[in-house]
2 protein chains.
Amino acid sequence: MTTTVRSYAAVASDSPLAPYKLTRRTPRQDDVTIEILYCGVCHSDLHTARNDWGWTQYPIVPGHEIIGRVLSVGAGVTRFKPGDHVGVGCMVDSCGECPACTQGHEQHCPESTYTYGGADRYDKQPTQGGYSEKIVVSQKFVLRIPDGLDLAGAAPLLCAGITTWSPLKNANVGPGSKVAVVGLGGLGHMAIKLAKALGAEVTLFTRSQGKEDDARRLGADHVVLSTVAEQMTAAAGRFDLIVDTVPYAHDVNPYIPTLSFKGSLVLVGYLGPLEPALDSVPLILGSKAVAGSLIGGIPATQEMLDFCGAHGITSDIEIIKMAEINDAYERMLKSDVKYRFVIDMASLKAE
Amino acid sequence: MTTTVRSYAAVASDSPLAPYKLTRRTPRQDDVTIEILYCGVCHSDLHTARNDWGWTQYPIVPGHEIIGRVLSVGAGVTRFKPGDHVGVGCMVDSCGECPACTQGHEQHCPESTYTYGGADRYDKQPTQGGYSEKIVVSQKFVLRIPDGLDLAGAAPLLCAGITTWSPLKNANVGPGSKVAVVGLGGLGHMAIKLAKALGAEVTLFTRSQGKEDDARRLGADHVVLSTVAEQMTAAAGRFDLIVDTVPYAHDVNPYIPTLSFKGSLVLVGYLGPLEPALDSVPLILGSKAVAGSLIGGIPATQEMLDFCGAHGITSDIEIIKMAEINDAYERMLKSDVKYRFVIDMASLKAE
């Protein structure tokens, strides 16, 4: 039996999100039916709602930082039971058989199914996200939320958390590591918290002096103003890893000299051409790399959540009602949020 | 006692290399005095002789692919004795104490001394390279040449060999790995040989159909014509590692889709801006990297030489006389060499 649930959807690129009656599929044997309690608001939600990337099919229900409570489980579900607190991130399915899947990097499966804007592998129906009352997801893509973690603050871990966790873990960041973070937003503030908890010495690169106090409160040991040449020169050769969270076009060349030999700058926020042109000279002379990183696989996501549970790490959030989503999008475009909006889904039921 | 030896030097950017009386330092306690038998001819020699990089101090004696025989050793030398076959590569000294040195990545020591065009750490005299009869080098920077390896063919291993070995080893290339090489020259032909001997499946990317037979003879399993769109599309997602040996400006974007997820394209040949602009989209969506790599440290160089000894790997070379060096430079500019010139230093004594 399909279920009709309340949600918020965009029906066109130029229309605000509005209430929408959404049909969820009949649960399958391995499905978990989840009552959504909170949903974080990611920049991807806004880009998709407004068709900024050109691939949106309407209507679209965004949301892939989902925290909920298990309502029921299919006969084949072994890992969850009603009442469990669970999360769903950017993916809800994948082929399960390709090298990416078998290595636990499901985000790189050619057939991975995004939580919204994808198509279900079996019924081919469009997938719809977390701005809704309920969601039905295969247990393979459901995450356990550690006890004691604030549920609203945990929502952004499902995208912002895993996105910044992956480059830190790939670089084996730990005590003795020197990590820099470029940009202090939804991704950047998580990168600081996670790198610090992993034991690294953490530096924030920022263009705005006003972010220093907040950066230190979040865990940064140092703040470097990227607009001040002397500060950039003083940071030469310092970092094993730079996590660049800036979501718009920017020159990455000035950061390369601040990497130590064999260091990497990992882009997680900006999709587009690297202009001005990236110079290969310091890359070669220092055996350095510029890389990209896409969210993370399901095993890494669970590892990150368990780490956050053990260290009491959640996102700094501002809770909003579902009906406030369009105002929230406008504020996000002005970076007017510290550091992530999270929708309280009780507000949708109360409408 | 300093020694005066015959050599070939450039005395200005626009003058051909010509015979030059070179003074070698009085050997120190840890110095090895080497009779040079062969010296490979690297593009860096030409660039330095002609001041293409703007840092040349004249006169300059190029040459950093040096194979020789030990003539004498200082009182503190424990690792070599007269008669040993030895090699000297791109470096002749470093601080020995910094993180790069203690980790065996001496090429990244801020004080590493290049074999030519550097300055000795103690007497501050300019270092001069292998286009000469003899060289005096600290034992720390002298390499053992395995018995049985053709001495002339081994010379290019000291630069072209280690330059392509480093990215292969950093990527843990071995059986099951899929490696592509861009460009078939001095570096490219070594990359193919080394990757194949490490057990990888090897593909050459080339713009010229005429290189296919040679590539297969050198060990390539496949050849992809980068000018043929269908061949590039068919290679999508295939490679764990691409070693890009092309020494001039070129668009690296078309190669990125041929990397598998988490794959890297490593530049070893081209120093300059990456134009057209590198697109971050496939880097992020595939968690891929574009990196640079600079030669390799002394431990890695010895490891590579020992590997080549065990597998009978040398460079494909054309032996020239010292007096033919200027003609050789002109032919290198036309890529008219398969695949490395090596100077027979007996020709210098015979002049």
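The expected span of a helix is 1.5 Å times one less than its number of residues. In this predicted model, helix 5 of chain B, which runs over residues 186–197, offers a good place to apply that rule. The helix has 12 residues and reaches 17 Å from its first C-alpha to its last, close to the 16 Å expected. Just after helix 5 of chain B comes Gly199(B), with a positive phi near 105°.

Helix 5 of chain B is largely enclosed by the rest of the structure, because 10 of its 12 residues are buried. The buried residues begin with Gly186(B), Leu187(B), Gly188(B), His189(B) and Met190(B), and they continue with Ala191(B), Ile192(B), Lys193(B), Leu194(B) and Ala195(B). The cover over these residues includes three helices and strands that may be traced in the model: helix 4 (160–170), strand 10 (178–182) and strand 11 (201–206) of chain B are part of it. Helix 6 (212–218), strand 13 (239–244) and strand 17 (340–344) of chain B are also included in that cover.

One residue of this surrounding cover can be followed in detail. Leu218(B) lies in helix 6 of chain B. A residue is buried if 20 or more other C-beta atoms lie within 10 Å of its own, and Leu218(B), with 22 C-beta neighbours inside 10 Å, therefore counts as buried. Not counting residues up to four places away in sequence, Leu218(B) touches His189(B), Ile192(B) and Lys193(B), and these three residues are among the buried residues of helix 5 of chain B. Leu218(B) and His189(B) are 29 residues apart along the chain, while their C-alpha atoms are separated by 6.9 Å.

Helix packing comes next. Two packed helices are described by the angle between their axes and the distance between the axes. In chain B, helix 4 and helix 9 (residues 298–311) pack at an angle of about 100°, and their axes are 10 Å apart. Angles of 65 to 115 degrees count as roughly perpendicular, so helix 4 and helix 9 of chain B are roughly perpendicular to each other. From helix 4 of chain B, the contact draws on Gly161(B), Ile162(B), Trp165(B), Ser166(B) and Lys169(B); from helix 9 of chain B, it draws on Ala300(B), Thr301(B), Met304(B) and Cys308(B). By class, the residues of this contact divide into 5 nonpolar, 3 polar and 1 charged.

Chain A has a packed pair of helices to describe as well. Helix 4 (residues 160–170) and helix 9 (residues 298–311) of chain A pack with their axes 10 Å apart, at an angle of about 100°. These two helices of chain A are therefore roughly perpendicular to each other. Gly161(A), Ile162(A), Trp165(A), Ser166(A) and Lys169(A) of helix 4 meet Ala300(A), Thr301(A), Met304(A) and Cys308(A) of helix 9 in this contact. Its residues comprise 5 nonpolar, 3 polar and 1 charged.

On a broader scale, chain A is divided into domain 1 (3–159 + 317–349) and domain 2 (160–292). The centres of the two domains of chain A, taken over C-alpha atoms, are separated by 29 Å. Contact between them involves 9 residues of domain 1 and 9 residues of domain 2 of chain A. On the domain 1 side, the touching residues are 5 nonpolar, 3 polar and 1 charged.

The two chains also meet each other: 30 residues of chain A are in contact with 30 residues of chain B. On the chain A side, strand 14 (259–267), helix 8 (280–285) and strand 15 (289–292) are the elements that give two or more residues. Helix 8 of chain A provides the largest share, 5 residues. By class, the side of chain A that touches chain B has 18 nonpolar, 9 polar and 3 charged residues.

Finally, some details of the backbone deserve a look. Most residues other than glycine have a negative phi, and most peptide bonds are trans. A cis peptide bond, with omega about -10°, joins Lys338(A) and Tyr339(A); Tyr339(A) is placed in the loop between helix 10 (325–333) and strand 17 (340–344) of chain A. Another cis peptide bond joins Glu275(B) and Pro276(B), with omega about -5°, and Pro276(B) lies in the loop between strand 14 (259–267) and helix 8 (280–285) of chain B. Lys124(A) has a positive phi, near 65°, and lies in the loop between strand 7 (113–114) and strand 8 (134–138) of chain A. With 7 other C-beta atoms within 10 Å, Lys124(A) is exposed. The phi of Asn172(A) is also positive, near 55°; this residue lies in the loop between helix 4 and strand 10 (178–182) of chain A. Asn172(A) is exposed, having 10 other C-beta atoms within 10 Å.

Notes: Residues numbered from 1 in each chain as written. Chains lettered and ligands numbered in written order. Predicted model: local features only at pLDDT ≥ 70, side-chain atom pairs only at ≥ 80, totals over all residues. Helix = DSSP H or I, 4+ residues; strand = E, 2+ residues; numbered from the N terminus. Contact = placed C-beta atoms within 7 Å. Domains from an automatic or database assignment. Nonpolar A, V, L, I, M, F, W, Y, C, P; charged D, E, K, R; others polar. Axes fitted to C-alpha atoms, helices over the stretch in contact; angles between N-to-C directions. Parallel < 35°, antiparallel > 145°, perpendicular 65-115°, else oblique.
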